[in-house]
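I opened this notebook to keep track of what I looked up, beginning with how the helices pack and ending with the ligand.

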Amino acid sequence: MTTLQQAIIKFQSELSSIGADNPRLEADLIWMNILNVSRAELFGYSQHEAIKKSTLIKARSLLNRRLKNEPLAYIIGSKEFYGLKIKTSPKALIPRPETEVMVDEALEYLSGKEKMLIADVGCGTAAISIAIAKNNPSATLYALDISKKALHLAKANILMHQLENQIELIQSNLLTNLPHPVDMLLANLPYIPTTQLPYLQSEVQLYEPLIALNGGIDGLEIINTLLQQAKYKLLPQGVIFLEIDPSQVKKILSLASDYFPSLSYNVVNDLTGRSRVIVLKPNSVASNKII
Ligand SMILES: C[S@@+](CC[C@H](N)C(=O)[O-])C[C@H]1O[C@@H](n2cnc3c(N)ncnc32)[C@H](O)[C@@H]1O
């Protein structure tokens, strides 16, 4: 006989052996998925009750996939982002906690502003658009992605959150098909240099879509093209929020200042204190000095 408590401890220890970041949380998530309960309900579950053999087999099959490095979000089909459930599948990158920094900053900027037009460029699952739309109901969003597969998943997420009247999905190479200029561009685009791709964690390398990761030779090819296009797709007082790799700050500011001579900017750190978001105001009156 195996109790729930024993099973969770066993799963946790096996997950530790593959170096999972938070083995206890992952063990809980597997059991929450199998028992179809929230984490609070899982804690309330009788920990000493025997688990049916068939239930244990189902849970074990999920654990075995995870032990082969498949990301948990793909196994259970969802991930929490900004307190919201987002459907996940190998069609798109799994939303990351560090991207919540960009959402926080964007929402703060939007606070008190009504009816803003926003483009989420490289929307993937549409996690960013959904978090913005839920927290700023008067905004209109365009969620753009070059990948049809990602847009398919984004559609399922937008429908699940009943945001189809607020978020329009558009297949587009960056801003090419954006119907008109917007007040805000939000972009978490691929920024990993091609040469670094073989060194990514195997769960990223083997399972997540390459198109969501590959930023070209220096990692900045796609961001550079976006900045070029932004000139024509941003309203005069518009603002650009970019998620970046901390090593890219200087290069991006230098590129942006080539396109926007009156640029001002702000760099925002993530919770680990690393530069994670650049906020660019292309037509600022007071221009920051570019380093
Ligand atoms: C790093 S993922 C981010 C996904 C999502 N924004 C998030 O934060 O979870 C980058 C996304 O950009 C998309 N992408 C890559 N190149 C693109 C391009 N040229 N135009 C539009 N989207 C692109 C990919 O398909 C992928 O969905």
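Before reading any helix pair, I noted the classes of angle: under 35 degrees counts as roughly parallel, over 145 as roughly antiparallel, 65 to 115 as roughly perpendicular, and the rest as oblique. I also noted that this is a predicted model, in which local features need pLDDT of at least 70 and side-chain atom pairs count only at pLDDT 80 or more, while totals for chains, interfaces and linings use all residues. Residues are numbered from 1 along each chain as its sequence is written.

**Entry: α2 and α4**

I looked up helix α2 (residues 23–35) and helix α4 (residues 53–67), whose axes come within 10 Å and cross at roughly 135°; axes are lines fitted to C-alpha atoms, for helices over the stretch in contact, and angles run from 0 to 180 degrees between N-to-C directions. α2 and α4 are therefore oblique to each other. In this contact, Glu26, Ile30, Trp31, Asn33 and Ile34 of α2 meet Thr55, Lys58, Ala59, Leu62, Leu63 and Arg66 of α4, where contact asks for C-beta atoms, placed from the backbone, within 7 Å. I sorted the residues of this contact into six nonpolar, two polar and three charged, with Ala, Val, Leu, Ile, Met, Phe, Trp, Tyr, Cys and Pro taken as nonpolar, Asp, Glu, Lys and Arg as charged, and the others, Gly among them, as polar.

**Entry: α1 and α2**

I then turned to helix α1 (residues 4–17), which packs with α2 at an angle of about 130°, the axes being 8 Å apart, so α1 and α2 are oblique to each other. From α1 the contact takes Leu4, Ile8, Phe11, Gln12, Leu15 and Ser16, and from α2 it takes Pro23, Arg24, Glu26, Ala27, Asp28, Ile30 and Trp31. By class I found eight nonpolar, two polar and three charged residues there.

**Entry: α10 and α11**

Further along the chain, I found helix α10 (residues 221–233) packed with helix α11 (residues 249–259) at about 25°, with axes 10 Å apart, which makes α10 roughly parallel to α11. Ile223, Asn224, Leu227, Gln228 and Lys231 in α10 meet Ile252, Leu255, Ala256 and Tyr259 in α11, and this contact has six nonpolar, two polar and one charged residues.

**Entry: the ligand**

Which residues come nearest to the ligand? I found Gly122, Gly124, Ile146, Ser147 and Asn188 nearest, out of 24 residues around the ligand, with a residue counted when its C-beta atom, placed from the backbone, lies within 6 Å. The elements that give two or more residues to this shell are α7 (127–135) and β4 (140–145), helices being DSSP runs (H or I) of at least four residues and strands runs (E) of at least two, numbered from the N terminus. The shell divides into 15 nonpolar, eight polar and one charged residues.

**Entry: the whole chain**

Lastly, I noted 11 helices and nine strands in the chain, and that its C-alpha atoms fill a box of roughly 70 × 40 × 35 Å along the principal axes.

How values were computed: Two residues are in contact if their C-beta atoms, placed from the backbone, lie within 7 Å.
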